[in-house]
There are 2 protein chains.
Amino acid sequence: MVEAETPELVPQREVILRTAARLFREKGYERTTVRDLANAVGLQSGSLFHHFATKTEILAEVMKRGLDLASEQVADAIAAESTPDARLKAMFRSYLKALLSPECRDYMTVLLYDFRSLPPDLAREVHGYRTTQENRWRAVLRESLSDDWSDAEIRLVSQFVFGAMCWSLQWYNPSGTATLDELAEQFMQMAMSACRVNDCTREEAAKDRT
Amino acid sequence: MVEAETPELVPQREVILRTAARLFREKGYERTTVRDLANAVGLQSGSLFHHFATKTEILAEVMKRGLDLASEQVADAIAAESTPDARLKAMFRSYLKALLSPECRDYMTVLLYDFRSLPPDLAREVHGYRTTQENRWRAVLRESLSDDWSDAEIRLVSQFVFGAMCWSLQWYNPSGTATLDELAEQFMQMAMSACRVNDCTREEAAKDRT
DNA sequence: TTATATACCAAGCGCTTGCTTGGTCAACCG
DNA sequence: CGGTTGACCAAGCAAGCGCTTGGTATATAA
């Protein structure tokens, strides 16, 4: 037998992962049974364990895939720019586009919302992955913002902005009126605006101090 | 027998709800068994069903409680202000403070992150609740922002800002250095800043058009 | 041709789950 | 006092869960 669902030459393991990501996003990891998944792929439930040792392994793989896909897109977008400011804008834009893109959306939703279902060891691994990314992004912020931002302030603004973006997974509707590019543009502008908080308040504070 | 955990006169049903909210936040609804919950309260698992008909009912109750608590605090904060701008600021500040407050945090986390575990009918009910709130908040935004903001733009900025706040439930650590008040102040400023996107870009667009 | 490996199915095992049942005991009420 | 009620326990049931087992069909390689 060759392939039921996708006649192309895409490995079964890959098909399972994609389907798993979709189901996990729709119903949550815990509410998706191995029978659901097997059925969606066109297998018997037991046959899944020919490709993965445990259901948990599938979850971890889906999450890692999400991280890899998103961080690659962002890294590429940043690398294409030559000034700190342009890199920051590219980061914001590309991150939202990556998050919500059809290729990435399912994986990222699982990564961000089914974190608690990972066993401690894998949770630590995925968490490490995540902080690495966050540090990379804070570096881009640091590079663009004025020097008098403290580390704590940088962290706060990054949590604010990336929180806003991650949350978009909850409400974004691909069949809406606005295109993904328009959305990314507007989010980028709001994000840049949020990064400019201190440009005025800080001046006021300086005045107060003198 | 009177009361094991809390000697005060707080109804057992209330104790169960509080404990459930805490456990659901920590482990997720699906991964929390009725035995876990009963044990944490000091009961046998079957005894829970003397107070609630199903596990689902507990979840729904926890979520409604979260919505009620948060929206009450925000409503009070808004009512205390007299100008549109002050009301907007009060809304941002009070929402973050409500979200992260010890009394509310568990409930809200469950509300925002275990949505998929609700059966369709209850999901619709809670969803209705949520959109009512959102509309109320958009009205406050509308009142404060300049008239040339479209409905779509208002919706976008509200999704951006409230997304950023909701996400704080994921990373906020009550034992951190910054107080909740400081955090709320800084978030409010970033939120206000994000609302001011158009103040400059729009002018540019206007110039382009003429 | 025989041998080996891969991808799968059919069946089901053992365990955990939400929930039920039947009964106990203290508190309250007429 | 006797009777009712509300809160609980001890035990366990049926269903669903992740996963295992033993076997089959096909493809490749010797």
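**Entry 1: sorting residues before I start**

For my tallies, Ala, Val, Leu, Ile, Met, Phe, Trp, Tyr, Cys and Pro count as nonpolar, Asp, Glu, Lys and Arg as charged, and the others, Gly among them, as polar. I also remind myself that this is a predicted model.

**Entry 2: the second largest pocket**

I began with the second largest pocket, and its lining divides into 15 nonpolar, 8 polar and 7 charged residues. Its volume comes out at about 800 Å³. I found 30 lining residues, with A:Trp167, A:Gln170, A:Trp171, B:Arg130 and B:Glu134 closest to the centre. Both chains take part: helix 1, helix 5 and helix 7 of chain A each give two or more residues, as do helix 3 (55-79), helix 5, helix 6 (120-144) and helix 7 of chain B. Which element gives the most to this lining? I noted helix 6 of chain B, with 7 residues.

**Entry 3: the largest pocket**

Next I turned to the largest pocket, which holds about 1,200 Å³ of space. I see 42 residues in its lining, and those nearest its centre are A:Gln159, B:Trp167, B:Gln170, B:Trp171 and B:Tyr172. On the chain A side, helix 3, helix 5, helix 6 (120-144) and helix 7 (151-171) give two or more residues each; on the chain B side, helix 1 (12-27), helix 5 (105-113), helix 7 (151-171) and helix 8 (180-195) do so. Helix 7 of chain A has the largest share, 8 residues. By class I wrote down 20 nonpolar, 12 polar and 10 charged residues for this lining.

**Entry 4: where the chains meet**

How many residues does each chain bring to the contact? I have 35 from chain A and 35 from chain B. The area buried between them is about 3,200 Å², and carbon and sulfur atoms give 65% of it. On chain A, I picked out A:Arg116, A:Phe160 and A:Trp167, which supply 26% of the area that chain A buries against chain B, more than any other three residues.

**Entry 5: helix 1 of chain A**

I finished with a sanity check on helix 1 (residues 12-27) of chain A. At 1.5 Å a residue, its 16 residues should span 22 Å, and its end C-alpha atoms are 22 Å apart, so the two agree. Right after this helix I found A:Gly28, with a positive phi near 90°. Which residues of the helix are buried? My list reads A:Glu14, A:Val15, A:Ile16, A:Leu17, A:Thr19, A:Ala20, A:Ala21, A:Leu23 and A:Phe24. Their cover includes helix 2 (34-41), helix 3 (55-79) and helix 5 (105-113) of chain A.

Definitions and conventions. Residues numbered from 1 in each chain as written. Chains lettered and ligands numbered in written order. Predicted model: local features only at pLDDT ≥ 70, side-chain atom pairs only at ≥ 80, totals over all residues. Heavy atoms only, no water. Helix = DSSP H or I, 4+ residues; strand = E, 2+ residues; numbered from the N terminus. Expected span 1.5 Å × (residues − 1). Buried < 20%, exposed > 50% of the residue type's maximum accessible area, 1.4 Å probe, protein only. Contact = heavy atoms within 4.5 Å. 1 Å grid on protein atoms, 1.4 Å probe; cavity = no way out; pocket = protein on both sides within 12 Å on 5 of 7 lines; lining within 4 Å. Points joined across faces, edges and corners; volume = space filled by probe spheres on them. Buried area = accessible area lost by both parts, 1.4 Å probe.
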